[in-house]
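Me: Please take a close look at one helix and what surrounds it. Keep it brisk, and give cut-offs as you go.

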Amino acid sequence: MDIHVEKKKQAGESGSQPSEKLSRKQFESELKKLQTELVKLQSWVVQSGLRIVVIFEGRDAAGKGGAIKRITERVSPRVFQIVALTVPTEREKSQMYFQRYLVHLPAAGEVMLFDRSWYNRAGVERVMGFCTEQEHRDFLQLCPEVEQMIIHNGIILIKYWFEVSQEEQERRFQARINDGRKVWKLSPMDIEAHRRWCDYSRAKDEMFLATDIPESPWYVVPADDKRKARLNCISHLLSQIPYKEVPVKSIKLPKHQPLKNYQELELAYNIIPQIY
């Protein structure tokens with residue numbers, strides 16, 4: 001474990017972000033290239049029957065949702081599927097903890113993107129007291145075994161932790177408060193997470209020590225710069241999955257069928273107001 005952690009520290013130091021900010025034009029240009037590769041990956045996943053799970057965890061307001069959006073906006077929702085579970089029902093609370101998550105594991109030709117995952121038990125449940133100390137210890141002990149079982153079954157499992165500084169998190173929270181389009185993102189849990197920064201840090205450290213294993217390592221995404229975080233995450237994701245470009249047949253649009261005797265009916269359509 002110590003050797004593994006040391007390697008991760010070295011990787012983090014050598015991979016630090018340049019200070020220059022990307023312009024929107026640069027960002028969109030690089031994103032287009034990466035999204036084109038995601039489309040190629042999609043074709044390969046479908047053709048080869050790959051099963052992939054990508055877990056997105058991290059600080060509140062670290063940009064997990066934005067990264068997922070950029071990954072999925074140019075691919076098929078039938079292949080790249082987002083799993084974002086709500087608060088468990090009373091029935092789900094009575095189940096084995098991993099049960100409600102395992103039903104969302106992929107079938108052949110699917111990529112499941114977990115916007116939060118079973119690691120809720122190591123984070124929010126741990127900090128907010130939604131689980132007992134024993135339940136937390138059991139989770140940290142069992143989680144590597146469950147993930148090894150998933151991997152042994154042939155599923156590719158990739159785990160990302162989005163890390164943001166305390167100052168940047170506060171700036172983003174404040175921006176949500178002041179923007180009517182974003183205020184819905186600021187939940188009571190976010191407010192409490194802002195207050196309990198150190199508690200969440202300790203919970204994260206415990207989680208990493210127990211679950212950052214060679215078979216299923218954590219990859220940390222420095223996310224103070226959202227644009228770079230999204231590009232770096234997608235680039236790394238593509239590097240973790242061996243894929244080949246599937247040849248695309250040339251496409252030629254056929255001519256329209258002749259109108260013959262068709263005439264459009266004169267109906268009183270309910271056309272929406274043309275405001276713009």
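Reply: Helices (H or I, at least four residues) and strands (E, at least two) are DSSP runs, numbered from the N terminus. The model is predicted: local features need pLDDT of at least 70, side-chain atom pairs count only at pLDDT 80 or more, and totals for chains, interfaces and linings use all residues. Residues are numbered from 1 along each chain as its sequence is written, and side-chain values use heavy atoms, with hydrogens and water left out.

The helix to look at is H3, residues 64–72. H3 is mostly covered, with 7 of its 9 residues buried (buried is under 20% relative accessible area, exposed over 50%, partly exposed in between; 1.4 Å probe, protein chains only). The buried residues are Lys-64, Gly-66, Ala-67, Ile-68, Arg-70, Ile-71 and Thr-72. What covers them? Two helices are among the cover: H2 (24–48) and H11 (226–240). Strands E1 (51–58), E2 (80–83), E3 (110–115) and E4 (156–163) are included too.

Lys-69 also sits in H3. Lys-69 is exposed, at 54% relative accessible area. With Lys-182, Lys-185 and Lys-226, Lys-69 forms a positive surface patch. Patch residues have over 30% relative accessible area and no salt bridge; like charges are joined within 9 Å, nonpolar side chains (Val, Leu, Ile, Met, Phe, Trp, Tyr) within 5 Å. Lys and Arg count as positive, Asp and Glu as negative; His and chain ends are not counted. A charge is placed at NZ of Lys, CZ of Arg, CG of Asp or CD of Glu. Areas are Shrake-Rupley values with a 1.4 Å probe, and for residues only the protein chains shown count as cover.

Now step back to the loop between E1 and H3. Ala-61 lies there. Its phi is positive, about 70°, although Ala-61 is not a glycine. Most residues other than glycine have a negative phi. Ala-61 is buried, with a relative accessible area of 9%. One residue that touches Ala-61 is Gln-169 (contact means heavy atoms within 4.5 Å). Gln-169 belongs to helix H8, residues 166–178. At 2% relative accessibility, Gln-169 is buried. Gln-169 also touches Arg-59, Asp-60, Val-164, His-194 and Trp-197, leaving aside residues up to four places away in sequence.

Charges meet around this loop as well. A salt bridge is a side-chain nitrogen of Lys or Arg within 4 Å of a carboxyl oxygen of Asp or Glu. Asp-60 forms one with Arg-116, the closest N and O atoms being 3.3 Å apart. Asp-60 is in the loop between E1 and H3 and Arg-116 in the loop between E3 and H6, so the pair ties together parts 56 residues apart in sequence. Asp-60 is buried, at 15% relative accessibility. Arg-116 is partly exposed, at 23%.

Arg-116 has another partner. The side chains of Arg-116 and Glu-57 meet in a salt bridge, 3.2 Å from N to O. Arg-116 lies between E3 and helix H6 (124–128) and Glu-57 in strand E1, so this pair ties together parts 59 residues apart in sequence. Glu-57 is buried, with a relative accessible area of 3%. Arg-59 takes part in a network of salt bridges with Glu-163, Lys-204 and Asp-205.

H2, one of the elements that cover H3, has a salt bridge of its own. Glu-28 pairs with Arg-24, with the closest N and O atoms 3.7 Å apart. Why can they pair along one helix? They are 4 residues apart in H2, so about one helical turn separates them. An α-helix has 3.6 residues a turn, so residues three or four places apart point the same way. Both residues are partly exposed: Glu-28 at 33% relative accessible area, Arg-24 at 48%. The structure holds 24 salt bridges.

H11 is also part of the cover of H3. The segment after H11 includes Lys-260. Lys-260 has a positive phi near 55° and is not a glycine. Unlike buried Ala-61, Lys-260 is exposed, at 74% relative accessible area. Ile-272 is in that segment after H11 too. Ile-272 is exposed, at 62% relative accessibility. Ile-272 joins Leu-265, Leu-267, Tyr-269 and Ile-271 in a nonpolar surface patch of about 610 Å².
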